[in-house]
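Please find below some notes on this entry, set out as numbered points for a colleague who wishes to check them against the coordinates.

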Amino acid sequence: MNTVPRPRAALDLSERARRAASVARAFADAVDAENRFPHEAMAAIKAERLLGVMIPVDLGGEGRALMEVAEVCAILGQACSAMAMIYAMHMIKLSSCVQHGQDHAWHRNLMRRIADEQLLLGSSTTESGSGDLRTSSCAVVRDGEVFHLEKDATCISYGEFCDLILVTARAHPDAPPSDQVMVAVEKGQYTLERTHPWDTLGMRGTCSEGYLFKATAPVEQIFPLPFAEIAAQSMLAHCHLLWAALWYGLTSEAFSRSQAFVKAAARKAPHAHLTSTLRLAEMSVMLQQMRAVIVDGVARHEAASQTENGLSAISYLVAMNNVKVSAAQLMTQALDHAMIICGLAGYRRITLVGQCSGAYAALHTALRDDDVAGLVLINLWRFAWRGDETLEQALAAPGRSSDAYLRMWRNGEALRRLVRGEAPLRGLLRAANKIGRRGMQAVGEAVSALMRPAPKPGTPEAWLHRLSARGVATHVLFSETDASLDEFARYFGRRDWRARRIAGLERAILRDADHSLSSRAARAVVFDHVRAATKDRASGGPF
């Protein structure tokens, strides 16, 4: 048994949540950028014993009220959206165990284990061909004391990282789609075969990929009540209220960052009238409205729980649905205000990608705009436009690098192409001139490398040093024989000795690639560099 030790001090629940949130915040960017599960934050949550707080005291939990759990979701939401969603989904599934499993021995023992071992509950309620929560295509097939289940799930919440999964299915093979049950299946009782990827902005860390789910388990793990009752009486209400709570946390964090942005602007211009202060005030009102909606929703749920048919009443179900709708609308309005307040700084993590002339535009945009934090330049034809050069002259320049032409001269290919009439004499002479200039350049570089002079202001070398000082991750990519290699060597040396002095500058050759990157392999390498530039870039501001 893998028992998680209890904290030494019986700290306040919100304080424990804040300690876990501080860990979640430290890894939030990496979790989303790397599309990975928030292992560090989950370890902190387990250390604070937050996974079993809703379980009754007699089963080893803390018997915490729904409002207290909502507060934890909001605190986590301020730190890491993925971790907050994982925690909320766990609690939504746990609410079904608490409300509908206390009269059943196996499910009571499950709750004891969740509280003691801090087990994480996953969820599988939808499947291929239908996104409807309340219908299923797959069915539980009973075979004596065990059942078999196979489900083509469009997504399973953090399926590879949970300790057991609560799965919905038809009660038996002859049951209609709406006659559903919910089963709890432990790790070791099921297999997962990945079928769908998961790359959803802000939710990447939940790792809710699609799987072909196959399980065999004892029939006692089937919840005794129909899923229709479980969904109406516990799952949907907790879903709406806890999701609204974590949305409130996300919005609170956006408000705090917007507030910091306005304060910074006010310090720079203390006597100026800032229109952003009005937006901030409006955002504060929306935040208060969100909290009021959640508090009222929790109060309605608790009142309905005290009456015989309160959880099945239409008025109650409508009220719970209104909580979700109202909170979602207020959140999007408030976040729109945050973006208006911060302007382009709200998009601080911009990565520009450009090829050929697009690379020229990307480079010079990055030099002008401090909001650019990542740069990928592919086959950059010109770092700087030469004053005496026309567009026609630039386009007529040799399309291959001097290295490529040198190889052609050495192996006789250039002469054979000339004899066959495939290459004009003028073009080959121009290429030969280019090779000659390369030799003279190499001599000058050898002398300069020994002297190690500082970059001259206004040169491409000085530009890239400036970007490096801003923390911009710059990747310069070249097709193997492209003339952009000579353009780079013109400013940074044939052996890149000037480039090696620039922190954060990555240079790569795309093997077997043409100027247009027509090969799939070359494009795959480019995408890898784009992801790396996005991951390594600096934030540089409130967002």
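The points that follow begin with the overall fold and then turn to aromatic pairing.

1. The model is a predicted one, and the remarks here should be read with that in mind. The protein has 543 residues, of which 47% are buried, and its secondary structure consists of 16 helices and eleven strands.

2. As for how the chain contacts itself, 75% of the contacts between residues at least 6 apart in sequence join residues that are at least 24 apart. The accessible surface of the protein amounts to about 25700 Å², and carbon and sulfur atoms account for 55% of that area.

3. Searching the whole structure for aromatic pairs yields eight of them. One of these is formed by Phe488 and Phe492, whose rings are stacked, with 4.6 Å from centre to centre and an angle of 20° between the planes.

4. Where do Phe488 and Phe492 lie in the secondary structure? Both belong to helix α15, which spans residues 484-492, and they are four residues apart, or about one turn of that helix.

5. Are the two partners of this pair buried or exposed? Phe488 counts as buried because its relative accessibility is 1%, under the 20% cut-off. Phe492 is likewise buried, since its relative accessible area is 0%.

6. The stacked pair can also be placed in a wider setting, as Phe488 and Phe492 belong to one aromatic cluster that further includes Phe383, Phe478 and Tyr491.

Notes: Residues numbered from 1 in each chain as written. Predicted model: local features only at pLDDT ≥ 70, side-chain atom pairs only at ≥ 80, totals over all residues. Heavy atoms only, no water. Phe/Tyr/Trp six-rings, centres within 6.5 Å; stacked < 30°, edge-to-face > 60°. Helix = DSSP H or I, 4+ residues; strand = E, 2+ residues; numbered from the N terminus. Buried < 20%, exposed > 50% of the residue type's maximum accessible area, 1.4 Å probe, protein only. Contact = heavy atoms within 4.5 Å. Areas by Shrake-Rupley, 256 points an atom, 1.4 Å probe, with all protein chains shown as cover.
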